[in-house]
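Me: Please take a close look at the largest pocket of this structure. I would like a connected account of its volume and lining, followed by the aromatic contacts and the overall fold.

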Amino acid sequence: MADPTSGENLLYLTDEQLRQGIEAMFFAYRGFTADPDRILSDLAYGRAHHRAVHFINRAPGTTVNNLLAILGVTKQSLNRVLRSLIEDGLVQSRVGSSDKRERHLYLTDAGRALEQRLSDAQRARMRTAYRAAGPQAVAGFRQVLEAMMDADMRRRYLALKESGS
């Protein structure tokens with residue numbers, strides 16, 4: 001009988017095993033977002049604000065159109081989020097130097113401080129989980145996540161990964 005933890009058996013997952021994986025992702029996501037959600041609720045912000053702040057931090061000067069593509073939200077929804085972040089002094093919008101129609105986004109010092117608080121909470125949770133799971137599980141988990149991305153999202157993810165830090 002084959003070892004149930006071998007990669008060979010992973011090719012033949014039952015519907016029940018897949019359901020368990022789906023449910024584990026749902027509950028893990030709840031845990032992953034719980035700490036930032038508490039921080040955001042004090043500011044009357046939601047997860048869309050968190051995602052915007054995260055990706056603006058990852059790519060300072062990113063355009064609104066690029067952020068729209070990464071987040072996969074409507075322009076109206078993103079504008080509502082950006083308006084509140086700009087009004088609250090967390091994000092700065094600058095007109096493009098080569099194309100005046102473009103708006104480039106940057107975090108202010110206050111925006112970077114908020115991003116740091118949110119990321120610190122998530123890094124602590126991930127660090128604990130990664131340590132408990134071990135290096136092989138970490139690499140396997142990342143492989144699974146990357147394999148779940150559609151081609152466009154994987155391309156954007158890899159571009160972010162290659163852009164540095």
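Reply: In this predicted model, the largest pocket has a volume of about 2,200 Å³. Its lining consists of 43 residues. Those that lie nearest the centre of the pocket are Phe 32, His 54, Met 126, Leu 145 and Tyr 157.

Several helices contribute to this lining. At least two residues each are supplied by helix H2 (15-42), helix H3 (47-58), helix H6 (109-133), helix H7 (135-148) and helix H8 (151-162). The largest share comes from H6, which provides 11 residues of the lining. Sorted by class, the lining of the largest pocket contains 22 nonpolar residues, together with 12 charged and 9 polar ones.

Two of the helices named above, H6 and H7, are also linked by an aromatic contact. The count of aromatic pairs comes to 1. The partners are Tyr 130 and Phe 141, whose ring centres are 6.5 Å apart and whose planes meet at 70°; the pair is therefore edge-to-face, since planes over 60 degrees apart fall into that group. Tyr 130 belongs to helix H6 and Phe 141 to helix H7, with their positions 11 residues apart in the numbering, and the pair thus links distant parts of the chain. As for solvent exposure, Tyr 130 has a relative accessibility of 26% and so counts as partly exposed. Phe 141, at 38% relative accessibility, likewise counts as partly exposed. Both assignments follow because the partly exposed class lies between the limits of 20% and 50%.

A further contact with an aromatic ring involves a charge. The charged end of Arg 94 sits over the ring of Tyr 106, at 3.9 Å from the ring centre.

The setting for these features is a protein chain with 8 helices and 3 strands. Read from the N terminus, the order of its elements is α-α-α-β-α-α-β-β-α-α-α. The C-alpha trace of the chain spans about 65 × 35 × 30 Å along its principal axes. The chain has 165 residues, of which 25% count as buried. Among contacts in the protein chain with a separation of 6 or more, 52% are accounted for by residues 24 or more positions apart.

Technical notes. Residues numbered from 1 in each chain as written. Predicted model: local features only at pLDDT ≥ 70, side-chain atom pairs only at ≥ 80, totals over all residues. Heavy atoms only, no water. 1 Å grid on protein atoms, 1.4 Å probe; cavity = no way out; pocket = protein on both sides within 12 Å on 5 of 7 lines; lining within 4 Å. Points joined across faces, edges and corners; volume = space filled by probe spheres on them. Helix = DSSP H or I, 4+ residues; strand = E, 2+ residues; numbered from the N terminus. Nonpolar A, V, L, I, M, F, W, Y, C, P; charged D, E, K, R; others polar. Phe/Tyr/Trp six-rings, centres within 6.5 Å; stacked < 30°, edge-to-face > 60°. Buried < 20%, exposed > 50% of the residue type's maximum accessible area, 1.4 Å probe, protein only. Lys NZ or Arg CZ within 6 Å of the ring centre and 35° of its normal. Contact = heavy atoms within 4.5 Å.
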